[in-house]
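Here are some short exercises to work through with the model open beside you. Try each task before reading its solution, and take your time.

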Amino acid sequence: MAAPTLQQPSFFLANLKADSTTKPLLQRCQDLVKFIDEYPAKELHVIFPWLVETVFGSLDGILVGWNLRLLHSRSNEYNIVLEFLNPSGPMMKLVYKLQAEEYKYEIPVNYLPGPVKACIQEGVLPECPLFHNKLQFPLSGLLTLNLALNPFEFFMFNFASCLITPKSYPPGYHGSSTDSAYFVLVDMYLKYFLPTEGSVPPSPFSDSRGSVTAPSPRSSSVSFAGYGVHSPSLLKHHIFHQPSVNADPVAQEIWRSETLLQEPFSPTEEHVLVVRLLVKHLHAFSNSLKPEQLSSSPSAHSHTHTSPLEEFKRVVVQRFVQQKLYLFLQHCFGHWPLDASFRAVLETWLSYIQPWRYTGEKTNPQPDQNRTVPDKWESFVQENLLMYTKLFQVLLNRAVRTDLVNAKNALMVFRVAKVFSQPNLAEMIQKGEQLFLEPEHVLHHRQPRGYLTPSQGGSFLSSRQRVVTDMVFRVKSHVYALEGQDCQYKQMFGSELRGAVMKLIQIIAQARQTAKRISDHSSEVAANSSFLSWFGMSSPDLNNTFTGAEPEECLKKTHELLDRALENLCQIFKLNQGQLAQLISNLGSSQDDGNCKQLPDCIQGENGLILTDLGRKQIISGLRRFDIQYQGDPELQPIRSYENALLVRLFYRISSLLNDRFGGHMNALCSRPDFLGRLGRHYFSDPDSSSSSRKPKQSPMSRRPSERTRQARLSLRPLASYRTLLLLLLCYVLGAAMAFGPVSSTLLILTGGFLYGLFMTLFGDKLKTH
């Protein structure tokens, strides 16, 4: 086959740009596949940055690319995109083809995430190895710094930026779901570059230049004084002893896997879903380590022929994920809105602290509360102690400010309590805390990881002492690495946190009481809303029920979840059941006797009552509320959905004319103390009488003196109600069936209305009292 006629790179790129606006996606991808297969790297090098931007969008967010986050399986282009971008597809083939050469692609530092950009502009090199030895120093200064990335790094950087860069998406778009092309591609890349079985497939092209520079120590700050001169601390070897250009090619097996884990992100709900996918896959990847490799010591490792991928599995979570995920979750716990969207963050945390769920072992299904955590995970708990204890404490501070009457929020509290109540887990955490609190003198002659040999001076230590030394060193190193040497550690099972847990239990008990009270009130309202409401005989308080209250089924679910959360918290912290029952009982009685009959906590201000922080919390949790009532003219209330707007306006005009003309006579009649006065007051409504007869609680604004003139008036607005119209229609139909004409039916209806009013005037007070 004859070699293709090479085009000038600029002409080649111009043709592709023209085709991108005229040809459909399928034809464009087919053309690109042909170009990638037939053209050399020299020609493809020119189009690569443009192609990456076309796929993922521009770093400034102006171009959205192929809209991977909006592309779902129901789209015709979904399969085309996945076939082109999958780890063994044409796009990755292009990446490997360019990777085999010495091509570099620049990314301006200004497009890096905010914290990373600020760190670089302050003259400190970020800890992420992705940035080491990649900075290009121009003469104009730090503000125009660029990163020089190899093709694979450039591709993955743009893929990650596609998630966090704000795009000009259509109105109404609220984020990606787990079936979008982007989410599916993340899953594909994780399974390909971090396989649980086998190894990463090699590049189809010779490549000895792909490597990741070792990270600098946590405490080091590298100055950029003297552009182009890098500190020797940046040249420290990675734990895998990653070689550079002339190194052993076997070690190059995992450099792409490392690069995949070094992309920076910023916390969004969509990002959290991707992070959780990463956490779950990394646990499965790490747990796929062969048992014989897992049980062997590091010193034995160096003398065996362990593949780099197996070594990578051993330390991938601690080396690449632990610190970043801890800071990420800590930030989310402290800044995420107090709503149900926090569930994504919570489940990411719970996935990380339960690696035993991702072992791939087929065991008999057991309820979570009866599933004992195997002893082999004790070392993981110790090496991730802050993930359990510190984040639990931060979650407590968040939970006490959350509306636990909401079933979704109650579910989150239940989930955390359920996870931490697993047998053995609390004991493992407590043992880890005891190891951290061991005095420093235990660590005599400390060696890395505590593995001492007689030649190293370890003969005077017993085997148990060496194990304890190793465990203490492991826990202390973890805490100090994440929180610093001067951290003030608060024990999860100490007296201070125990008090915070008791406070949460009080709030849970209050939420249970509130949910029960709202549920009971809703049941009463439903019972009172009988067929009699169609006759206008329902209670006027129906419009004053709990606004925005959850359905009764959700309230029952809330009560059940909070009950189980209380049981689990008692199990975790070994709380006394008698004291807990007495606390809840006292709280329940005080709620029933006092709080539900009181206003929220307020202070008197110049313009009336002002809610305090306690009052706001009481309203949010549903413990107390204002009795919100309409204080204006009843005739001018907003038109309801059960009313005919045209009739409301018509009857208002008629009523106004009659009230203006006969208002004096109505007032005179209603002011009489005899039976006629009572009968008149039944038919001619007093705008203030209904509200003045029942005022158990008022809002602050309702305490201002009313300036309206109280006078009797005729209201025809009830006739505009659809139920009244339907009732009248039924009466006329019934009259027609009994051979009554319209006039006779009207007279019967008026007579019935008068007799009903007469009856209510004579016996209404007695019925209300009863």
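**Exercise 1. Two backbone angles**

Task: Find where Asn67 lies in the chain, and work out whether Asn67 is buried, partly exposed or exposed.

Solution. Keep in mind that you are looking at a predicted model.
Step 1: Asn67 sits in the loop that links α3 (41-56) with α4 (78-85).
Step 2: Look at the backbone there. Asn67 has a phi near 55 degrees, which is a positive value in a residue other than glycine.
Step 3: Now turn to accessibility. The relative accessible area of Asn67 is 24%, so the residue counts as partly exposed.

Task: Do the same for Ala739: which loop holds this residue, and is Ala739 buried or exposed?

Solution.
Step 1: Ala739 belongs to the loop between α27 (722-737) and α28.
Step 2: The phi of Ala739 is positive, about 70 degrees, although the residue is not a glycine.
Step 3: With 73% relative accessibility, Ala739 is over the 50% cut-off and therefore counts as exposed.

**Exercise 2. A sheet, strand by strand**

Task: Work out the order of the three strands in the open sheet, and say which of them are edge strands.

Solution.
Step 1: Start with β1 (residues 105-108) and β3 (residues 146-149): these strands run antiparallel and are joined by four bridges. One pair to look for is Glu106 with its bridge partner Ala148 in β3.
Step 2: Add β2, which is antiparallel to β3 and joined to it by two bridges. Here Gln136 is opposite Asn146 of β3.
Step 3: Put the pairs together, and the open sheet reads β1-β3-β2, with antiparallel pairing. The edges are β1 and β2 (135-136), as each of them pairs on one side only.

Task: Sort the side chains of β1 by the face they point to.

Solution.
Step 1: In a regular strand, side chains alternate between the two faces of the sheet.
Step 2: Apply this to β1: Tyr105 and Ile107 share one face and are buried. Glu106 and Pro108 point to the other face and are not buried.

**Exercise 3. A nonpolar patch**

Task: Which residues form the nonpolar patch on the surface, and which element gives the most to it?

Solution.
Step 1: The members are Phe675, Leu676, Phe759, Leu762 and Phe763, and together they have about 420 Å² of accessible area.
Step 2: Two or more of these residues come from each of α25 (675-683) and α28 (742-769).
Step 3: The largest share is that of α28, with three residues.
Step 4: Check one member. Leu762 lies in helix α28, and its relative accessibility of 41% means that Leu762 counts as partly exposed.

**Exercise 4. Cysteines and the whole chain**

Task: How many disulfides does the structure hold, and are Cys29 and Cys162 buried or exposed?

Solution.
Step 1: A disulfide is a covalent bond between the sulfur atoms of two cysteines.
Step 2: The structure has zero disulfides.
Step 3: Cys29 has 6% relative accessibility and so counts as buried. Cys162, at 3%, is buried too.

Task: Describe the protein chain in overall numbers.

Solution.
Step 1: Count the elements: there are 28 helices and five strands.
Step 2: Of the 770 residues, 44% are buried.
Step 3: The accessible surface is about 40800 Å², and carbon and sulfur atoms account for 56% of that area.
Step 4: Among contacts with a separation of 6 or more, 78% are between residues 24 or more positions apart.

Methods: Residues numbered from 1 in each chain as written. Predicted model: local features only at pLDDT ≥ 70, side-chain atom pairs only at ≥ 80, totals over all residues. Heavy atoms only, no water. Patch = residues over 30% accessible without salt bridge, like charges linked within 9 Å, V, L, I, M, F, W, Y side chains within 5 Å. Areas by Shrake-Rupley, 256 points an atom, 1.4 Å probe, with all protein chains shown as cover. Salt bridge = Lys/Arg side-chain N within 4 Å of Asp/Glu carboxyl O. Buried < 20%, exposed > 50% of the residue type's maximum accessible area, 1.4 Å probe, protein only. Pairing = 2+ DSSP bridges. Disulfide = S-S within 2.5 Å. Contact = heavy atoms within 4.5 Å.
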